[in-house]
Amino acid sequence: MCAVIAGFNHNGVDMITFRKLLLQSMENSQETTISWFEDKKIRSVKNAEKNDLFELGNVDTPLILAHCRHYMGDFAYNYPMSGEDYAIAHEAEVHTKSILNTFDLDLHPLQVFPNEPISCAMILNEREGAELGFFRNGYKHLWYDYEDDDNCCWVTTRKDSFAESDITIFPKLCEAGHHYRITEKNGYMAYQFVEGFEETKP
């Protein structure tokens with residue numbers, strides 16, 4: 001089991017809300033990685049401790065992503081990767097590098113691995129600015145809340161993390177087989193890449 005949390009707001013992510021969500025997910029976590037968009041680059045902190053969250057309090061970013069590993073047996077597959085232009089985190093039984101390779105081949109992981117459990121979020125440094133992308137198939141859950149008024153979005157693999165953090169947000173379950181995008185310029189978009197995914201996870 002792992003937890004993925006992502007936040008997007010073109011006016012700046014609410015870091016208090018992000019810390020609340022992440023602190024809940026860090027309970028009993030073996031390892032935590034945080035990545036965010038700053039100065040037109042992706043910055044990352046690996047093996048983050050709870051004290052690191054308060055140092056991030058002054059970060060002004062439209063985009064942030066965190067991954068908490070709760071089971072070290074997932075290490076062979078389920079770990080985040082990042083560079084200057086991207087960061088990706090997921091709860092899946094597919095190697096992170098394999099997910100990245102599908103994009104390099106102009107394919108989508110939902111097409112290439114239709115029978116492997118996947119829920120994934122990524123932050124990208126695109127020419128048009130910061131971008132948040134996320135998707136799932138029917139084997140894993142991924143929840144999101146998007147507010148059109150301020151182009152703000154929260155994504156998490158744990159629906160209960162909002163209530164446990166005393167945050168009044170009522171997330172929706174992502175449609176299996178859809179890829180969601182939030183950008184600074186174009187706002188919210190969703191595309192169906194694969195049809196016919198059945199909900200196999202209760």
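Me: In this predicted model, which residue meets arginine 181 in a salt bridge, and in which strand does that partner lie?
Reply: The side chain of arginine 181 meets that of glutamate 131 in a salt bridge, with an N to O distance of 2.9 Å. Arginine 181 belongs to strand S12, residues 178-183, and its partner belongs to another element 50 residues apart in sequence, so the pair ties together separate parts of the chain. The partner is therefore glutamate 131, and its place is strand S8.

Me: Are arginine 181 and glutamate 131 buried, partly exposed or exposed?
Reply: Arginine 181 has a relative accessibility of 22%, and because buried means under 20%, arginine 181 counts as partly exposed. Glutamate 131 has a relative accessible area of 6%, which falls under that cut-off, so this residue of the pair is buried.

Me: How many salt bridges does the structure hold, and which residue pairs with glutamate 91?
Reply: The structure holds three salt bridges. In one of them, glutamate 91 has its closest N and O atoms 3.5 Å apart from its partner, and the pair links distant parts of the chain, since glutamate 91 sits in strand S6 while the partner sits in the loop between strand S8 (129-136) and strand S9 (143-147), 49 residues apart. The residue paired with glutamate 91 is lysine 140.

Me: Are glutamate 91 and lysine 140 buried or exposed?
Reply: Glutamate 91 has a relative accessibility of 7% and so counts as buried. Lysine 140, at 13% relative accessibility, is likewise under the 20% cut-off, and therefore lysine 140 counts as buried.

Me: Which residue forms a salt bridge with aspartate 39, and at what N to O distance?
Reply: Aspartate 39 lies in the loop between strand S2 (31-38) and strand S3 (41-45), and at 60% relative accessibility it counts as exposed. The side chain that meets aspartate 39 belongs to a residue with 32% relative accessibility, which counts as partly exposed. That residue is arginine 43, and the N to O distance is 3.8 Å.

Me: What is the phi of aspartate 39, and what is the phi of aspartate 106?
Reply: Most residues other than glycine have a negative phi. Aspartate 39 is not a glycine and yet has a positive phi of about 55°. Aspartate 106, found in the loop between H3 and H4 and exposed with a relative accessible area of 70%, is not a glycine either, and its positive phi is about 60°.

Me: Which residues form the nonpolar patch on the surface, and what is their accessible area together?
Reply: One of the members, leucine 107, is placed in the loop between helix H3 (96-104) and helix H4 (109-112). Because leucine 107 has 40% relative accessibility, it counts as partly exposed, and this value also satisfies the requirement of over 30% relative accessible area for patch residues. The patch is formed by Leu105, Leu107 and Val112, with an accessible area together of about 270 Å².

Me: Which residues form the negative surface patch?
Reply: One of its members, aspartate 85, is found in the loop between strand S5 (81-82) and strand S6 (86-92). At 44% relative accessibility, aspartate 85 counts as partly exposed. The patch is formed by Glu84, Asp85, Glu126 and Glu128.

Me: Which residue's side chain makes a polar contact with the side chain of asparagine 151?
Reply: Asparagine 151 has its place in the loop between S9 and strand S10 (152-156). With a relative accessible area of 8%, asparagine 151 is buried. Its side chain makes a polar contact of 2.8 Å with the side chain of tyrosine 146.

Me: Which residue is joined to serine 161 by a polar contact of side chains?
Reply: Serine 161 is found in helix H5, residues 160-164, and at 0% relative accessibility it counts as buried. The contact joining the two side chains is 3.5 Å, and the partner of serine 161 is threonine 156.

Me: What distance separates the C-alpha atoms of valine 194 and histidine 179?
Reply: Valine 194 is found in the segment after strand S13 (187-192), and at 14% relative accessibility it counts as buried. Along the chain, valine 194 and histidine 179 are 15 residues apart, and their C-alpha atoms are separated by 9.4 Å.

Methods: Residues numbered from 1 in each chain as written. Predicted model: local features only at pLDDT ≥ 70, side-chain atom pairs only at ≥ 80, totals over all residues. Heavy atoms only, no water. Patch = residues over 30% accessible without salt bridge, like charges linked within 9 Å, V, L, I, M, F, W, Y side chains within 5 Å. Areas by Shrake-Rupley, 256 points an atom, 1.4 Å probe, with all protein chains shown as cover. Salt bridge = Lys/Arg side-chain N within 4 Å of Asp/Glu carboxyl O. Lys, Arg positive; Asp, Glu negative; His and termini not counted. Charge placed at Lys NZ, Arg CZ, Asp CG, Glu CD. Helix = DSSP H or I, 4+ residues; strand = E, 2+ residues; numbered from the N terminus. Buried < 20%, exposed > 50% of the residue type's maximum accessible area, 1.4 Å probe, protein only. Polar contact = N/O pair within 3.5 Å; in protein donor to acceptor, adjacent residues only side chain to side chain.
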